[in-house]
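Colleague: Could you walk me through this structure and tell me how each label is earned? I would like to see the reasoning behind the words.

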Amino acid sequence: MAKFLVKKSAPLNGEVKISGSKNAVLPIMAATLLTDENCEILDVPALRDVDVMCELLSCLGATTEKELDNNRINVRADGEISSEAPFELVKQMRASILVLGALLLRTGHAIIHLPGGCAIGERPIELHLKGLRALGATVDEDQLLKGIVDARADELHGATIYLDFPSVGATEVIVMAAAVAKGTTILENAAQEPEIVDLANFLNKMGARIKGAGTDTIKIEGVEKLHGVSHHVIPDRIEAGTFMVSAAITRGKILIKNMLPDHLKAVIAKLRECGVYIEFTDDGVLVDGGRNPLVSTDIKTLPYPGFPTDMQSPFMALLTVAKGPSVVMETVFENRFMHVGEFNRMGAGIRTEGKCAIIPGNKALKGASVVATDLRAGAAVVLTGLIADGVTEVSQIYHIDRGYEHFVDKLKGLGANIERIED
Ligand code: UD1
C-alpha cells in the first residue's frame with residue numbers, strides 16, 4: 001500500500017491553485033443522468049471519487065468521456081439506463097447514493113446497496129428516503145432492513161418537505177428528483193452549502209426552475225425535461241481551507257489562488273482568532289502564519305455557514321501547536337475524532353469527552369507512524385508531519401487520494417518535504 005513520508009519542513013512559501021470542488025462535482029455528475037443530452041463538466045478535479053462516479057455512470061448506461069488531465073468530463077445518458085447501481089462501486093463511495101433520485105426518474109426503479117465511504121460514524125439516509133417518499137416513491141422496507149434501498153415510482157410529484165437536519169446529501173437528492181417531478185416542491189430546513197448552490201445552478205442551466213438554493217428554503221417548480229449544458233465547478237473550499245492551515249501551522253506565507261473567501265468565512269474568522277494574517281488581494285488570498293504568535297481558539301462544527309466538519313481535523317492539527325488550550329466540539333458527525341489517536345502518537349496529548357476534544361496546545365510534536373483514518377484526517381496528519389521532529393509515515397493514503405488533487409505536488413511546490421512511496 002502506498003504511503004507518504006513527511007519530514008519536518010521549512011515554513012511553506014509560494015502560490016497554490018485550488019482545484020474544482022469534489023463535493024460539488026459528485027452531485028453534478030449524478031445530475032447528468034437527468035437528461036439524455038450531452039453534459040460537459042469543467043474544472044473537474046482528478047480524484048479517485050470522481051473516477052468511481054464516472055465508472056458508476058458508465059455502469060448505469062451513460063457514455064462518459066474523461067479527460068482529467070484537462071479537468072474535463074462529458075456525460076451522455078442517451079441509452080437505456082439501468083436501475084441498479086453495482087455494489088462493488090457503491091461500497092467504495094457513499095456519494096453513490098446521489099444517483100438515487102435520477103434513477104427513479106429515468107427508470108421508475110432504483111436499487112442501491114447502502115454505501116460505505118468515510119469511517120466517521122453512522123451515516124444514515126432516512127432523510128433522503130423521507131423526501132423521496134413525500135415525492136411519491138415507495139421504498140421496500142424488507143430490503144431496507146437488509147441494507148438495500150429498493151425504491152419505485154411511476155411518477156414523482158411536488159410536495160412540501162421538512163428536513164429534520166439540513167443533510168447535504170438529502171438536499172441534493174431531493175432537489176434533483178423535484179427538478180423533474182410534476183408540480184412544485186418546497187424543501188424546508190435545506191442544507192445551505194455552496195455545493196448545493198452549484199448543483200442548483202447546474203440544474204437551472206439545464207432548464208430546471210429552482211429558487212432559494214443557499215438558503216434554508218428551496219422552491220423547485222418541476223419541469224418536463226432537462227437539456228445538456230456545459231458547467232464549470234466551483235473551487236474546493238475544503239482544499240482551500242487545508243492550504244490556509246498549512247501556511248498557519250508551518251508559519252509560512254502562501255498566496256492561495258482560485259479560492260472563494262465567501263465560502264470560508266468561518267474558517268477565516270477562526271484562523272484570524274489564532275493570530276493568522278489573512279489578506280484578500282486581486283491575485284488571491286494571502287495567508288501569513290508567521291506574522292503573529294499562534295494562539296488557541298475553540299471551535300464548534302455546524303452545518304454551513306457554520307464551521308465545516310471537514311475542516312475540523314486540519315484545524316485541530318493547528319491547535320496542537322497553538323499557545324494555550326482549546327476545545328473542539330463536533331456536532332455534525334458522531335465519531336469524527338479518529339485522528340485524535342494519531343495526533344496523540346505524535347505527542348499532542350488530546351483528550352476526548354463525548355462530542356468534545358480538549359487540546360492542551362503548545363506541544364512540540366514528534367514524527368511517528370500514523371494512519372489516514374479518513375480523507376480530511378489524512379490531510380491533517382500530513383500537516384502535523386510538516387512541523388513534527390523527524391519523519392512521519394502516513395499510511396492508508398488512499399483516503400487522501402479520494403479528495404485532494406495532486407496533494408503531494410502542491411505541497412512540494414510550496415517547499416514541503418514529502419514523498420509518496422508506492423509499495
Ligand atoms: C457531505 C459531504 C461531506 C461533509 C458532509 C457534512 C459530499 C460528497 N460529502 O456528506 O464531505 O462532511 O456533507 O458537511 O458532499 N444524517 C442523518 N440522516 C440522513 C442524512 C444525514 O442523520 O438521512 C446525518 C449524518 O449521519 C451526519 C449528518 O447528518 O451525521 C451530516 O450528513 P450529510 O449532511 O448528509 O453529509 P453527506 O451528504 O453524507
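**Helices 4 and 5**

Modeller: Gladly! Let me start with helix 4 (residues 100-107), whose buried residues are Leu100, Gly101, Ala102, Leu103 and Leu104. Please keep in mind that this is a predicted model.

Colleague: What do the buried residues of helix 4 pack against?

Modeller: They pack against helix 1, strand 6 (109-113), helix 5 (126-134), strand 8 (148-152) and helix 7 (168-179). Just after helix 4 comes glycine 108, with a positive phi of about 80°.

Colleague: Which residues of helix 5 are buried, and what covers them?

Modeller: In helix 5 the buried residues are Leu127, His128, Leu129, Gly131 and Leu132. Their cover includes helix 4, strand 7 (138-139), helix 6 (141-145), strand 8, strand 9 (160-162) and helix 7. Glycine 136, just after helix 5, takes a positive phi of about 115°.

**The chain as a whole**

Colleague: How many helices and strands does the protein chain have, and what makes it as compact as a globular protein of that length?

Modeller: The protein chain has 15 helices and 23 strands. Its radius of gyration is 21 Å, and the globule rule gives 22 Å for 423 residues; the two values are close, so the chain is as compact as a globular protein of that length. Along the principal axes, the C-alpha trace spans about 60 × 45 × 40 Å.

Colleague: What share of the residues counts as buried, and what share of the contacts joins residues at least 24 apart?

Modeller: Of the 423 residues, 57% count as buried. Among contacts between residues at least 6 apart in sequence, 73% join residues at least 24 apart.

Colleague: What about the exposed area and the charges?

Modeller: The chain exposes about 16,100 Å², and carbon and sulfur atoms supply 48% of that area. There are 44 positive and 55 negative side chains, and the centres of the two sets lie 6 Å apart.

**Alanine 31**

Colleague: Why is alanine 31 called buried?

Modeller: Buried means under 20% relative accessible area. Alanine 31 has 0% relative accessibility, so it counts as buried. This residue is found in helix 1 (residues 22-31). Leaving aside neighbours within four places in sequence, alanine 31 is in contact with Met176, Leu199, Phe202, Leu203 and Met206.

Colleague: How far is the C-alpha atom of alanine 31 from that of glycine 390?

Modeller: The two C-alpha atoms are separated by 46 Å, and the residues are 359 apart along the chain.

**Aromatic pairs**

Colleague: How many aromatic pairs does a search of the whole structure find, and what makes phenylalanine 243 and phenylalanine 407 an edge-to-face pair?

Modeller: The search finds three aromatic pairs. For phenylalanine 243 and phenylalanine 407, the centre-to-centre value is 6.1 Å and the planes are at 70°. Rings pair if their centres lie within 6.5 Å, and planes over 60 degrees apart count as edge-to-face, so both tests are met. The pair links distant parts of the chain: phenylalanine 243 is in helix 9 (residues 237-249) and phenylalanine 407 in helix 15 (residues 407-413), 164 residues apart. Both phenylalanine 243 and phenylalanine 407 are buried.

Colleague: Why is the pair of phenylalanine 307 and phenylalanine 315 called edge-to-face?

Modeller: Their ring centres are 5.4 Å apart and their planes are at 85°, so this pair is edge-to-face. Phenylalanine 307 is buried, with a relative accessible area of 5%, and phenylalanine 315 is buried too, at 0%.

Colleague: Which residues form one aromatic cluster?

Modeller: Phe243, Tyr404 and Phe407 do.

**Backbone details in the loops**

Colleague: Why does asparagine 71 count as partly exposed?

Modeller: Partly exposed lies between the 20% and 50% cut-offs. Asparagine 71 has 22% relative accessibility, so it falls in that class. It lies in the loop between strand 4 (63-67) and strand 5 (72-76), and its phi is near 55°, a positive value in a residue other than glycine.

Colleague: What makes glutamine 396 partly exposed?

Modeller: The relative accessible area of glutamine 396 is 31%, so the label is partly exposed. Glutamine 396 has a positive phi of about 55° although it is not a glycine, and its place is in the loop between strand 22 (391-395) and helix 14 (398-403).

Colleague: Which residues does a cis peptide bond join?

Modeller: Tyrosine 304 and proline 305, with omega about 10°. Proline 305 lies in the loop between strand 17 (299-300) and helix 11 (312-321).

Technical notes. Residues are numbered from 1 along each chain as its sequence is written. Side-chain values use heavy atoms; hydrogens and water are left out. Helices (H or I, at least four residues) and strands (E, at least two) are DSSP runs, numbered from the N terminus. The radius of gyration is taken over C-alpha atoms; the globule rule is 2.2 Å times the number of residues to the power 0.38. Buried means under 20% relative accessible area, exposed over 50%, partly exposed in between (1.4 Å probe, protein chains only). Contact means heavy atoms within 4.5 Å. Accessible areas come from the Shrake-Rupley method with a 1.4 Å probe; for residues, only the protein chains shown count as cover. Lys and Arg count as positive and Asp and Glu as negative; His and the chain ends are not counted. The place of a charge is taken as NZ of Lys, CZ of Arg, CG of Asp or CD of Glu. Rings of Phe, Tyr and Trp (its six-membered ring) pair if their centres lie within 6.5 Å; planes under 30 degrees apart count as stacked, over 60 as edge-to-face and the rest as tilted.
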